[in-house]
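Let's take a walk through a protein model together. Have the sequence and the 3D view open as you read.

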Amino acid sequence: PRRSRSRPALAMIKAARLRHYLETAIPRLKDNAQALKVYVEQGGVAAVGAPGKAWEYRFRLELIFEDMPSSELDAVTGALLAWIEINQPSLLAPVKDGQAFDFEAEFLDAKTLDLSIKLPLTEGVRLEPRDGGKFEAVHLDEPRPETVYGQLEEVFANGSKIIDHRWAHEP
């Protein structure tokens with residue numbers, strides 16, 4: 001699923017953190033960061049709490065892994081679930097269809113594919129008072145559930161490290 005057009009990405013904290021985490025957790029992306037594209041789509045803002053004092057960004061984050069070895073699908077999925085567990089745990093809660101995220105793949109040949117993953121994310125923001133009648137926008141952390149995926153520090157397949165979960169806990 002290659003994109004022929006480019007569009008500016010919003011400076012969402014979760015989007016930037018997820019990109020950094022994936023570049024660190026998946027060995028192939030450490031030296032090939034351009035193989036991962038990150039897009040914010042269908043963004044919206046919901047007012048929550050006191051009027052004008054808190055809001056929530058709601059958006060779909062699309063990750064596109066280009067020219068990915070098909071054998072890397074488990075590494076990408078495991079890394080994403082570790083990140084989701086800490087940064088968007090509501091996606092792992094039992095839901096009607098039971099899916100944490102959607103994906104599409106385009107096989108370029110028998111061993112290589114382009115992978116598109118779409119994550120519905122939210123990011124809460126609250127204005128906190130400061131001296132002199134000023135306010136500061138503070139992005140809120142997600143509540144921390146009991147971990148499952150995050151307990152796994154490193155994952156190997158056929159003797160090679162495919163995921164380093166230790167980075168999932170980085171803020």
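Here is a short briefing on confidence, strands, core, helix and salt bridges.

This is a predicted model, so start with how far the predictor trusts it. The chain averages a pLDDT of 79, and 72% of the residues score at least 70.

**Confidence**
- Confidence peaks in strand S3 (residues 102-107), with a mean of 93, and is lowest in strand S7 (residues 160-164), with a mean of 63.
- Take care with residues 1-11, where the pLDDT is below 50. Beyond near neighbours in sequence, this stretch still has 22 contacts in the model.

**Strands side by side**
- Strands S1 and S2 run antiparallel, and ten bridges join them. One pairing to look up is Val38 with its bridge partner in S2, Leu63.
- S2 also runs antiparallel to S4, with 14 bridges joining the two. Here you can find Arg60 with its bridge partner in S4, Pro120.

**The nonpolar core**
- The largest nonpolar core is made of 32 residues. Leu22, Leu61, Leu63, Phe65 and Leu119 are the ones with the most contacts inside it.
- Who chips in? Helix H1 (13-25), strand S1 (36-47), strand S2 (54-69), helix H3 (73-87) and strand S4 (112-130) each supply at least two residues of this core. H3 gives the largest share, seven residues.
- Try clicking on Leu61: leaving aside its neighbours within four places in sequence, Leu61 is in contact with Ala15, Leu18, Val38, Tyr39, Val40, Ile117, Lys118, Leu119 and Leu121.

**Helix H3**
- H3 has 15 residues and reaches 21 Å from its first C-alpha to its last, close to the 21 Å expected at 1.5 Å a residue.
- Twelve of the 15 residues of H3 are buried, so the helix is largely enclosed by the rest of the structure.
- The buried set of H3 includes Trp83, Leu80, Leu81, Ile84 and Ile86, along with Gly78, Glu85 and Asn87.

**Salt bridges**
- How many salt bridges does a search of the whole structure find? The search turns up eight.
- Arg28 and Glu72 meet through their side chains in one of them, at 2.9 Å from N to O. This pair links distant parts of the chain, 44 residues apart: Arg28 is in helix H2 (residues 27-30), and Glu72 is in the loop between S2 and H3. Both Arg28 and Glu72 are buried.
- Arg60 forms a salt bridge with Glu41, and their closest N and O atoms are 2.7 Å apart. Arg60 lies in strand S2 and Glu41 in strand S1, so this pair ties together parts that are 19 residues apart in sequence.
- Is each partner buried or partly exposed? Arg60 counts as partly exposed, at 25% relative accessibility, while Glu41 counts as buried, at 8%.
- Arg58 forms a salt bridge with Glu56, with the closest N and O atoms 2.6 Å apart. Arg58 is partly exposed, with a relative accessible area of 43%.
- Finally, look for Arg126, Glu128, Arg130 and Glu136, which are linked in a network of salt bridges.

Key
Residues are numbered from 1 along each chain as its sequence is written. This is a predicted model: local features need pLDDT of at least 70, side-chain atom pairs count only at pLDDT 80 or more; totals for chains, interfaces and linings use all residues. Side-chain values use heavy atoms; hydrogens and water are left out. A nonpolar core is a set of buried Ala, Val, Leu, Ile, Met, Phe, Trp, Tyr and Cys residues joined through side-chain atoms within 4.5 Å. Buried means under 20% relative accessible area, exposed over 50%, partly exposed in between (1.4 Å probe, protein chains only). Helices (H or I, at least four residues) and strands (E, at least two) are DSSP runs, numbered from the N terminus. Contact means heavy atoms within 4.5 Å. The expected span of a helix is 1.5 Å times one less than its number of residues. A salt bridge is a side-chain nitrogen of Lys or Arg within 4 Å of a carboxyl oxygen of Asp or Glu. pLDDT is the predictor's confidence in each residue, from 0 to 100. Two strands pair if DSSP finds at least two bridges between them.
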